[in-house]
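User: I've got a structure to go through and I'd like the local details explained. Please take it one question at a time.

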Amino acid sequence: MSEEHFKSVISHAKEYGFVFLSSEIYDGLAAVYDYGQNGVELKKNIREYWWKSMVQLHENIVGVDASIFMAPDVWKASGHVDGFSDPMIDNKDSKKRYRADVLIEDFQEKYRVKNQKEITKAKKRFGEDFDLEQFVATNPNIARNNAKIEAIDERLKEGLESGNLHLVKELIEELGIACPVSGSKNWTDVRQFNLMYSTQMSATDGDNKIYLRPETAQGIFVNYLNVQKTGRMKLPFGIAQTGKAFRNEIVARQFIMRMKEFEQMEMQFFVTPGQEMEWYNHWKSHRMKWHLNLGIDKRKYRFHDHIKLAHYANAAVDIEFDFPFGFKEVEGIHSRTDFDLKQHELATGKKLQYFDHEKNESYIPYVVETSIGLDRMFLVLMSNALQTEDLGDGQTRTVLKLPPALSPFQCAILPLVKKDGLPELAKKIMRDLSLDFNCYYEEKDSIGKRYRRQDAIGTPICITVDHDSVNDQAVTIRYRDTMNQMRVSLSELHETIEKEVSMKALLKGLI
Ligand code: GAP
């Protein structure tokens, strides 16, 4: 994938009603986006796929919906007031602010691109005999590039973990990193910048600062005992939540990849201390399975262990996707120990312990978290799905090959002409199918044009009602991906569609 492809994704998302800039008629608001009529459906379907896979398919996971506003002391206890910050550096000439670690990671990406070029060249040279694993293990250029990446990792880690940000600045200078805007290397020192937004709770009190939650996880932690007791939950068990989070991202960029207001889908899994690594590995592979079940090429995914662990974690890994701008995090799996519950216990004086009947003792459970950005997952799907296909004879089509169950519409119902009783039959079919699927009805323009419009918004099946349909009670269904067509009787239509496009069919791949 390429920057060119990324530009196509952004313009396609706007042109077809998936994503708009927030307050666009006021020239927009940087790094804040709205979802349009098709985007909101895709987003809802991703959320539903996540929720059902987590809550409905796990008898020991339940959901909550906590408020965005929380008692301000929650964020002191959780460490966010003191520790939720990014290392920032400003370029004195362009006046642009950057995340220092991101500048360095982008620099490392150049070596990864070089490696990829070596591999592509070798693949061409060796043809069918090419052995990727052996090549990567023995090629001296790749070894040299990897050694450089590792050496930079080491030094970045040293600077970030020790809190000595001079080391990070030194590294930027030594690597000769220039500002992408001004091209100059005239940098300020590296400083920490807190990412939480705050506002006032009431108009009258003096000291009433309140934060907009920067993660949904704390809403789960503060409700852990409520849920455990009222749900009579036994370890191990999980609590899931989806909802908005807010971060003052200075380097907000890359469309909906890094936003100031975004949505998370998080699950905290409470386990007996000592069993956390076992569950960490379990969730690591289970979450990767969730991604691959969407039919995305597994070479586009990889795990990436964290260099700098968050203040609450003893192990952490990212699931990264090969976005048009390179491999980046889409989901994090974190072993959060008993950090959060312990901190809330200390801050409130309320016992947050679990009584283990088998062991006959009380303890604070350990937590393994899975945390995925809904908007980022949206971008994964859009950038993976958008294709321009050559149809021969100088013709192309733009098609969005989304997983059928997640597409904004599962089927489109298209009467061939606007007369002869075809619209009436089409609307009757629509009424029946709409009870289970989101259906699109359209009778304007030629059938070819209507197919193309449905391809562009990702509708997996078009149902055409023609003159024969009135007599033989059958319709033609046309598949988005293959463009193959098939005659199906009305009595079998629902079952045929369900097998191909239902959430049930998708979820089956997980069990
Ligand atoms: N509770 C843990 C937590 O919040 P995180 O790695 O900071 O961990 C989890 O965030 C996920 O939320 C990320 O993997 C990413 O998909 C998404 N995310 C984080 N910041 C984001 C932003 N500014 N815009 C869009 N998505 C974001």
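Analyst: Before we start, contact means heavy atoms within 4.5 Å. This is a predicted model, so to speak: local features need pLDDT of at least 70 and side-chain atom pairs count only at pLDDT 80 or more, while totals for chains, interfaces and linings use all residues. Residues are numbered from 1 along each chain as its sequence is written, and side-chain values use heavy atoms, with hydrogens and water left out.

User: Which residues is S94 in contact with, leaving aside its neighbours within four places in sequence?

Analyst: S94 sits in the loop between β4 and β5 (97-99); helices (H or I, at least four residues) and strands (E, at least two) are DSSP runs numbered from the N terminus. At 18% relative accessible area S94 is buried, where buried means under 20%, exposed over 50% and partly exposed in between (1.4 Å probe, protein chains only). With its neighbours within four places set aside, the contacts of S94 are C179, V181 and S182.

User: What distance does the side chain of S94 span to the backbone nitrogen of K96?

Analyst: This one is a polar contact: a pair of N or O atoms within 3.5 Å, where within protein one must be able to donate a hydrogen and the other to accept it, and residues adjacent in sequence count only if both atoms are side-chain atoms. The side chain of S94 gets to the backbone nitrogen of K96 at 3.1 Å.

User: Which residues around the ligand come nearest?

Analyst: A residue is near the ligand if one of its heavy atoms lies within 4 Å of it. There are 21 residues around the ligand, and the ones that come nearest are E215, R247, M259, E266 and E329.

User: What share of the ligand's exposed area does the protein bury?

Analyst: Start with the polar atoms: one ligand nitrogen is 2.6 Å from an N or O atom in the side chain of E215, and a nitrogen is also 2.8 Å from a polar backbone atom of M259. An oxygen of the ligand is 2.8 Å from a polar backbone atom of V330. Taken alone the ligand exposes 560 Å² (Shrake-Rupley, 1.4 Å probe; for residues, only the protein chains shown count as cover), and the share the protein buries is 93%.

User: Which element supplies the largest share of the shell around the ligand?

Analyst: By class, the shell residues are 6 nonpolar, 5 polar and 10 charged, taking Ala, Val, Leu, Ile, Met, Phe, Trp, Tyr, Cys and Pro as nonpolar, Asp, Glu, Lys and Arg as charged, and the others, Gly among them, as polar. At least two shell residues each come from β10 (261-271), β13 (326-337) and β16 (366-373). The largest share, 6 residues, belongs to β13.

User: Within what arc do the buried residues of α8 fall, seen down its axis?

Analyst: The buried residues of α8 (residues 165-175) are L165, V168, K169, L171 and I172. Measuring the arc by the directions from the helix axis to the C-beta atoms, they line one face of the helix because the arc they fall within is 155 degrees.

User: Which elements do the buried residues of α8 pack against?

Analyst: On the other side of α8, H166 and E174 are exposed, and the helix is followed by G176, with a positive phi near 70 degrees. The buried residues pack against β4 (85-90), α5 (100-126), α7 (140-162) and β6 (191-194).

User: How far apart in space are L156 and L171, C-alpha to C-alpha?

Analyst: L156 belongs to helix α7 and is buried at 2% relative accessible area. Not counting residues up to four places away, L156 touches D101, I104, E105, V168 and L171. L156 and L171 are 15 residues apart in sequence, and their C-alpha separation is 7.6 Å.

User: Which residue's backbone oxygen does the side chain of Q228 reach?

Analyst: Q228 is in helix α10 (residues 224-230) and counts as buried at 12% relative accessibility. Beyond four places in sequence, Q228 is in contact with M233, F237 and Y354. At 2.9 Å, its side chain reaches the backbone oxygen of M233.

User: What is phi of F255 near?

Analyst: F255 lies in the loop between β9 and β10, and is buried at 10% relative accessible area. Its phi is positive in a residue other than glycine, near 60 degrees.
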